[in-house]
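Please look over the structure below. The report that follows takes up the packing, then one chain, then the ligand.

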Amino acid sequence: MNSQFQARQIKQIWQRGVARRQFLKWGLGGVAAATAIAAGGFALLRRSPHDELPTPDWVTGLSAAEYHLFDRARVVLLPVEGTPLVDSEAVPVVANVQTTLSYLDPATRKELGAGLSLFDNVVVFSHGCRFVDLEDAQARALFDRWGEGSVLQRTLTTVIKQLVYSAYWQEPATWPPTEFDGPVSEKWGLEYLGNAPMPQQPTIDVEQEQA
Amino acid sequence: MSQVKWQASGLQVHQASDVTSEHIALEADVVVVGSGAGGAVTAYELARMGKRVIVLEAGPYVPSQAFTEDFTESLHALYQDKGGQANSSGDLLVLQGACVGGSTVVNGCVCFRTPDFILQDWQRDFGLSELTEAELAPYFDEVEQNLSVHDNGEHEIARHGQVIRAGANKLGWSVKPLRRNIRQCGLTGHCLSGCKTERKQSMLVTYLPWAQAHGARIYSDTRVEKVVTEGGVASGVEAVVTRHDGTVAATMTVKAPRVVLAAGAVQTPVLLLKSGLANRSGLVGKNFACHPSLLVAGRYPEPIHPWRGAMLGVHVDEFMHPDKGGFILEDGGFGLVEMTMLAEPGTGKPFMEYMENARYLAGLVTLIHDHNVGAIEWDGERKAINYQLSDADFPSMKRAIKAAAKLHLASGATEVYVPASDKRVIRSEADIDLQVDSLENDPQHLRMVSYHPQGTCHMGADPDHSVVKANGETHDVPGLYVADASLLPTSIIVNPQITVYALATRIARHMS
Ligand SMILES: Cc1cc2nc3c(=O)[nH]c(=O)nc-3n(C[C@H](O)[C@H](O)[C@H](O)COP(=O)(O)OP(=O)(O)OC[C@H]3O[C@@H](n4cnc5c(N)ncnc54)[C@H](O)[C@@H]3O)c2cc1C
């Protein structure tokens, strides 16, 4: 299969959308199936300047393309100008995404990888470049539009947003501007109560029940 | 009976790190699979009858002192699939605890008895004539007493509960304090990360130490893979002990004439399917319900700090009966990470603005009486939770969202966020129908969470139309019991832990 043919197939699937009852076959699994047809063809469809950029040493559980995608999503999804919020640059957002993904079972991780590749590449049809190369405003508009789009579009945007958001907000450094207290028991010096006392139950109950 | 040896804190648990041989062979009178609500209660009841009980738990033993009160870390440490367990289409997160104590360790402490109208349905539709309100009342009384269940005191109703209660009063809707199983609540708001100072009366600090005091032995990191039978009768289980790095420490067999499955409503049917047992009806894994919940957030003019104070304070039961709507609303506290999952205020700036003002939000949890349309499947390698909100249940979901929005507005909220994939904000009564009626029952449209999987090995009198009898024993395999949330023939609308405790107590007492 040549990459142009693969790309046409993906485009058709994309445009057709997914009927409600078909969806059980989709989810991330469906996304994976769509991308598996393309099997690398996308990368040939449109190269990105990001393809040449190095990744940090700690990137062991993400492909280079995934690293760049999440790093781009971090910038697009977490703007802090004009707010007291902490710059996402100062927080290990993509490293946290990597940790979360490391907990996925291999099959789901593979499906997700395929989905991420689809997300990055499929905008070539509508925008003429990959997601990682979209301007901030274009990328944000894309997320918003896809939130109202087909099941496939909603799945991909939701997954990426949730991963990036939780990777940022799980970091204690991001909490002070919101007044979120974080862990408190130790701070408040709460005493440990230990195990509850044994119930006062005569064993005779049991024998009666058994009889 | 052997001497009772209660210890004041912690548990003696055999863990993977203690394993010294490649195979462990054990014998007992009863082997209990899972140490959550059903497993812990059964283990205690049987141990105190003098039975030799072994409890096998797939998850780790995490003592309370090790709880971090960090939700993300807790998801990874204490929850099934590190907190990522979802339905096949990925739009319903199915949360379950996976540690010694099971979901009771991470739950919100809310306690309800099974509503009588649900028991009546079970009697009528499933031949469960024994399960009357009068029959179950003593079991409920007992577990409630054992677990310090009480109505929330005024100090246990946090700011988010207070505003919701005021709004409900304004609307003339029935609103009551929630009952919870907690002693001297620390008001930390971190229930879902486990109660660090042992105030939540979870199985970790109640029935498991009590079972152990009566001689029950607990093995963590031990996943049961198969139930074994001899001559068609239960004879034990096969399990694998896995280290925390994922490597296998040992295999295990336990010989026991009684096997009690209490691995929860997702894993118990998986285990039966893997074992090829008790499925004459073809219903193992079917009949899955889960109270698909939404957390509807409202933004208030004054700070609420939804993470401060007891996590759950009051509930609105005005619409509980199916004839009146079939849902309940509970005020629910939450932290920042949970907040990111609730609403879609728009990408970029609007989202950051929403988060920056997190302290002005209060939440309402909706619980609906969903139909049992889902199925747990096992393809030989992976489990699948096939559940999509049914078209029959979608109207209840919409009614619940509308009621939550109306209640938030009456309580003084200026904005209510519909938890959908697209931006839907309600600012006045006039917006409610506009924003909610156009919702579609499509995958990935609503942001749903289930805390209450149920029903996958349901009780019933007819062996062709149910998996277990009212006494918990499977119809097909003598000696093989189910004692967890899989038992419930229909969803029960309300939070299920007390129902599981009461049924498990009854099952253990009736076990001969
Ligand atoms: C976040 C959260 C909040 C909740 N809040 C409330 C609430 O406020 N009130 C309420 O009433 N209910 C609440 N619940 C639900 C309640 O805790 C459950 O309904 C109840 O604990 C179910 O009991 P169970 O015995 O079926 O399963 P669980 O308590 O989940 O226990 C099952 C155990 O079996 C283990 N297991 C699974 N497979 C195997 C295997 N193969 N071998 C060995 N062990 C295995 C699991 O690791 C787990 O520890 C909540 C649940 C969650 C997750």
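## Cores, chain A and the ligand

The largest nonpolar core has 179 residues. Within this core, A:Phe70, A:Phe131, A:Trp169, B:Leu56 and B:Trp122 have the most contacts. Its largest share comes from helix H9 of chain A, residues 151-169, with 9 residues. Apart from this core lies another one, of 47 residues. Among its members are B:Cys290, B:Val314, B:Val316 and B:Ala403. All of this comes from a predicted model. In soluble globular proteins, nonpolar side chains tend to be buried together.

Which residues does A:Phe131 touch, leaving aside those up to four places away in sequence? The list includes A:Leu69, A:Phe119, A:Val123, A:Leu142 and A:Phe143. A:Ala73 and A:Ala139 are also on it. So are A:Arg72 and A:Asp120, and each of these counts as charged.

Now chain A as a whole. How many helices and strands does chain A have? There are 11 helices and 0 strands. Read along the sequence, the pattern is α-α-α-α-α-α-α-α-α-α-α. Chain A has 211 residues, and 53% of them count as buried. Take the contacts in chain A with a separation of 6 or more: 72% of them join residues 24 or more positions apart. The exposed area of chain A is about 9900 Å². Carbon and sulfur atoms supply 54% of that area.

Next, the ligand. There are 37 residues around it. B:Glu57, B:Ser103, B:Val110, B:Ala485 and B:Gln497 come nearest. By class, the shell around the ligand holds 18 nonpolar, 16 polar and 3 charged residues.

Which elements of chain B each supply at least two residues of this shell? They are helix H1 (37-48), strand E10 (222-230) and helix H7 (264-275). The largest share, 3 residues, comes from E10(B).

Three backbone contacts to the ligand are set out here.

| Residue (backbone atom) | Ligand atom | Distance |
|---|---|---|
| B:Gly38 | oxygen | 2.9 Å |
| B:Gly108 | nitrogen | 3.0 Å |
| B:Ala485 | oxygen | 2.9 Å |

On its own, the ligand has 1000 Å² of accessible area, and the protein covers 97% of it. B:Ala485 thus appears twice: among the residues that come nearest to the ligand, and with a polar backbone atom 2.9 Å from a ligand oxygen atom.

Note on methods:
Residues numbered from 1 in each chain as written. Chains lettered and ligands numbered in written order. Predicted model: local features only at pLDDT ≥ 70, side-chain atom pairs only at ≥ 80, totals over all residues. Heavy atoms only, no water. Helix = DSSP H or I, 4+ residues; strand = E, 2+ residues; numbered from the N terminus. Buried < 20%, exposed > 50% of the residue type's maximum accessible area, 1.4 Å probe, protein only. Contact = heavy atoms within 4.5 Å. Areas by Shrake-Rupley, 256 points an atom, 1.4 Å probe, with all protein chains shown as cover. Core = buried A, V, L, I, M, F, W, Y, C linked by side-chain atoms within 4.5 Å. Near = heavy atom within 4 Å. Polar contact = N/O pair within 3.5 Å; in protein donor to acceptor, adjacent residues only side chain to side chain.
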